[in-house]
Amino acid sequence: MTVVTAERITTADQAVRIATELAEVFAAGAVERDHSRRLPHEELDQLSASGLLAITVPAEFGGADLPPSVVAEVVRILAAADPNIAQVPHSHFVYLNLLRLAGTRAQRHDYFGKVLAGARIANAQSERGGATVADISTVLRLDHDTTVGDGTESSQDDVTAVSARIEARRFVVEGTKYYCTGSLFADVLAVLTRLDDPQGVSGLEPGEYVAFVPALEPGVRIVDDWDALGQRTTGSGTVEFAAVKVGREQLVSRASAVSAPTGYGAFAQLLHAAIDAGIARGALEAAAEFVRTRSRPWFEAEVANAADDPLVVQRFGELAVAVAAAESTLVVAGAAVDAAVRPRVEDGHSDAPGDGAQASIAVATAKILADRAANEVSAAIFEVGGTRSAAAEHRLDHFWRNARSHTLHDPVRWKYQHIGRAVLHNRPPPLHGVI
C-alpha cells in the first residue's frame with residue numbers, strides 16, 4: 001500500500017484550501033510532465049498525504065463525509081492546474097461511493113480504513129472487442145480448487161453454517177482491461193467482472209461484480225502502454241488478470257448502485273464535468289497571460305498591446321462567459337447531486353432517496369457546457385495568441401490535447417437526448433451508471 005501519513009480533513013473549507021495550495025505546486029511542473037510524459041508519482045503521494053482522497057469517507061468510519069459538490073470543486077481546482085492529476089482519483093471516489101452504496105459494513109470498514117491511511121483505488125473497467133463499451137467479458141468464476149463446499153448443502157445444514165461456507169468460497173478473475181486510469185499509481189484495483197452462474201453453485205446472483213484486488217496480487221500485470229493524444233500522465237495502462245484469486249469479501253455487486261436512483265452515475269459524471277471545467281479555466285488563464293506578455297497586436301487595431309485590441313478583448317469576453325457558464329452549472333449540478341445522495345443508515349441502504357433523475361439531468365447540462373468550454377477555449381488560445389502561440393516551445397497545445405481526449409469520455413450527444421426526453425416527455429434518464 002502507498003506509504004504516506006495522511007492528514008485528516010474535516011471541513012469543506014479545509015478541503016478547498018488544501019486543494020488550492022496543492023494546485024499551485026502541481027501547476028509548476030504540469031507542462032513539463034506532459035511534454036516528457038513524466039508520471040506524477042511524487043505528486044500523487046502528496047495528494048494522498050494531503051487527506052483529500054479520504055474526504056468522502058463516511059463520518060461513522062472516521063472520515064469527513066463531505067458531499068459531492070465539494071469533491072467536484074476540489075477536482076475542478078486541481079484540473080485547472082493539471083487535469084492529469086485531477087483525473088487520476090476520479091475512479092477512486094466513484095468506487096468509494098460504490099462501497100458506500102452497496103458494500104457490507106465489513107467491506108466499508110476495511111477499505112475506508114485503507115483510504116484514510118493513504119491508499120489509492122483505480123479502475124479496471126473498460127474493455128475492447130465487445131459490441132459496445134457495456135459488454136464485459138472479464139469473468140468471475142468459482143475457484144473449485146480452493147472453495148469450501150460444492151454448493152449442494154443438505155437441508156439439515158444449519159443456516160449459519162451454510163452462510164459461512166458461502167462466505168468462505170474463493171473466486172477467480174480472468175480478463176484484460178484497457179484505459180485503466182490511475183492503475184500505475186494504485187494500491188487497489190476495482191475490477192468490473194461478470195458472473196455467469198446458471199446453476200447457482202457460487203452462492204451469488206449472476207450479474208456484474210466489482211472485485212477489489214490488490215495491485216500487487218499474483219496474476220495481476222499492469223502495463224504502461226497509454227499513448228493517447230492527451231491526458232498523457234494519467235497512468236491509464238492496460239491491466240491483465242490471469243487467474244487472480246479473490247475472496248467473497250472482495251466482491252461488491254454493482255446492481256444495487258446502478259439499477260436504482262442512487263445518484264451513482266450522476267456523481268461519477270459530475271467529476272468528469274469538473275475536470276473539463278477545470279481545463280477550460282486553466283486554458284483561459286494561460287491564454288490571457290500569453291496575450292498580455294507575448295502576443296503582438298494586429299496592425300489594423302492601431303494599439304500598442306495585443307491585450308488592447310478590441311476584437312481580442314471581445315473574444316476574451318466570449319470565452320470568459322463560456323467558462324463562467326460551465327463553472328456555474330457545475331455548482332448547480334453539485335447541489336442537485338448533494339440532494340440526491342442522502343445520509344445512509346446502518347445497513348448501507350438509503351433512508352430517504354433523493355431525486356436521482358433531477359441530479360442526472362443537472363449533471364448532463366453541466367457536462368455539455370464544460371465539454372464545450374474546454375474544447376473551445378483550449379483551441380482559442382491560438383486564435384487570440386497569434387502565430388507565435390503555435391511555437392512548440394510554448395507548449396500551449398497540451399490544453400487542447402487534454403480537453404479533446406478527456407471530453408471523449410461519455411459523449412455529450414447522448415446527454416442532449418436525455419435532457420430533451422425529460423423536457424418533452426417527463427421521462428427520467430436511464431439507470432446505467434453513466435448519466
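How much area does the protein chain expose, and what share of it do carbon and sulfur atoms supply? The protein chain exposes about 19,100 Å², of which carbon and sulfur atoms supply 54%, with areas from the Shrake-Rupley method and a 1.4 Å probe.

Please keep in mind that this is a predicted model, in which local features need pLDDT of at least 70 and side-chain atom pairs count only at pLDDT 80 or more, while totals for chains, interfaces and linings use all residues. Residues are numbered from 1 along each chain as its sequence is written, and side-chain values use heavy atoms, with hydrogens and water left out.

On confidence, the average pLDDT of the protein chain is 92, and 91% of the residues score at least 70, where pLDDT is the predictor's confidence in each residue, from 0 to 100. Over residues 344-352, however, pLDDT stays under 50, and for this stretch the model has 16 contacts beyond four places in sequence, a contact being heavy atoms within 4.5 Å.

Turning to the overall form, the C-alpha trace spans about 95 × 50 × 45 Å along its principal axes, and 52% of the 435 residues count as buried, that is, under 20% relative accessible area. Among contacts between residues at least 6 apart in sequence, 78% join residues at least 24 apart.

Let me finish with one residue, glycine 247, which lies in strand 7 (residues 237-247), strands being DSSP runs of E with at least two residues, numbered from the N terminus. Glycine 247 is buried, with a relative accessible area of 0%, and, leaving aside neighbours within four places in sequence, is in contact with Arg169 and Arg170.

How values were computed
Buried means under 20% relative accessible area, exposed over 50%, partly exposed in between (1.4 Å probe, protein chains only). Helices (H or I, at least four residues) and strands (E, at least two) are DSSP runs, numbered from the N terminus.
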